[in-house]
Amino acid sequence: MAHRTDFLLSNSQRGREIVIFENNKFHKCNYVSSLCAFRWRCVQKMCNANVYISEDSKSIVKISSTHTHDPVTDKQILLEKVANSVKRKALDDFSNPPAKIVRTEIINADAVQSFAESDVMNVRRCVYRSRRKVVPRLPKNLKYNSGNSENVPPS
């Protein structure tokens, strides 16, 4: 059997490795020593489809079972890819404004024509949400401003 190489390694929304093969997404499960390959399972909970990819992640060794759901559209895959790269860039570079990060990533992914305005707004919100998790909140009053309670006037 010829080994297939028409799959894409990417990162999920949470930063874990995923494989995109025939417009379906798979996450890494375990190592199968008899095949010398990793087992990748479909991300849909009720689907039993598996793909076995060699240790060096260069070829598919075995495909087992069929999917019990519709494949993901190309637009959804592209949107997730852009959103994930935007989130990573937003956390790496705080000096660039979110609009610039989103614009450059959409242009780099050649997705200018395929995205609607609502898609761009959703990706932009991803930047703000990811930065909000890392950057501390601004203090609302003097009590939260410093760790000392000496400088705080009595209430």
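Strand 1 (8–11), strand 2 and helix 1 each supply at least two residues to the lining of the largest cavity. Helix 1 gives the most, with four residues. The model is predicted. Besides this cavity, there are two pockets and a nonpolar surface patch to look at.

**The cavity**
- The structure holds one cavity of 30 Å³ or more.
- The volume of the largest cavity is about 40 Å³.
- Its lining consists of S10, N11, I18, I20, K25, I77, E80, K81 and N84.
- By class, that lining splits evenly into three nonpolar, three polar and three charged residues.

**The largest pocket**
- The largest pocket encloses about 310 Å³ of space.
- N11, S12, Q13, R14, R16 and E17 are among the lining residues.
- The rest of the lining is I18, K25, H27, V43, E80 and N84.
- Strand 2 (17–21), strand 3 (24–32) and helix 1 (74–92) are the elements that give two or more residues to this lining.
- Five polar and five charged residues stand beside two nonpolar ones in the lining.
- N11, I18, K25, E80 and N84 line the largest pocket, and these residues also line the largest cavity.

**The second largest pocket**
- About 200 Å³ of space lies in the second largest pocket.
- Its lining is made up of Q13, R14, K87, L91, C126, R129, S130, K133 and V134.
- Helix 1 and helix 3 (117–134) each supply at least two of these residues.
- Helix 3 provides the largest share, five residues.
- The class count is three nonpolar, two polar and four charged.
- Q13 and R14 line this pocket, and both are also in the lining of the largest pocket.

**The nonpolar surface patch**
- L91, F94, V134 and V135 make a nonpolar surface patch of about 320 Å².
- L91 lies in helix 1.
- L91 is partly exposed, with a relative accessible area of 34%.
- Patch members need over 30% relative accessible area, so L91 at 34% passes that cut-off.
- L91 and V134 belong to the patch, and both also line the second largest pocket.

**Helix 1 across the sites**
- Helix 1 supplies at least two residues to the lining of the largest cavity.
- Helix 1 is also among the elements that give two or more residues to the largest pocket.
- In the second largest pocket, helix 1 again supplies at least two lining residues.
- L91 of helix 1 joins the nonpolar patch as well.

Conventions
Residues numbered from 1 in each chain as written. Predicted model: local features only at pLDDT ≥ 70, side-chain atom pairs only at ≥ 80, totals over all residues. Heavy atoms only, no water. 1 Å grid on protein atoms, 1.4 Å probe; cavity = no way out; pocket = protein on both sides within 12 Å on 5 of 7 lines; lining within 4 Å. Points joined across faces, edges and corners; volume = space filled by probe spheres on them. Nonpolar A, V, L, I, M, F, W, Y, C, P; charged D, E, K, R; others polar. Patch = residues over 30% accessible without salt bridge, like charges linked within 9 Å, V, L, I, M, F, W, Y side chains within 5 Å. Areas by Shrake-Rupley, 256 points an atom, 1.4 Å probe, with all protein chains shown as cover. Salt bridge = Lys/Arg side-chain N within 4 Å of Asp/Glu carboxyl O. Buried < 20%, exposed > 50% of the residue type's maximum accessible area, 1.4 Å probe, protein only.
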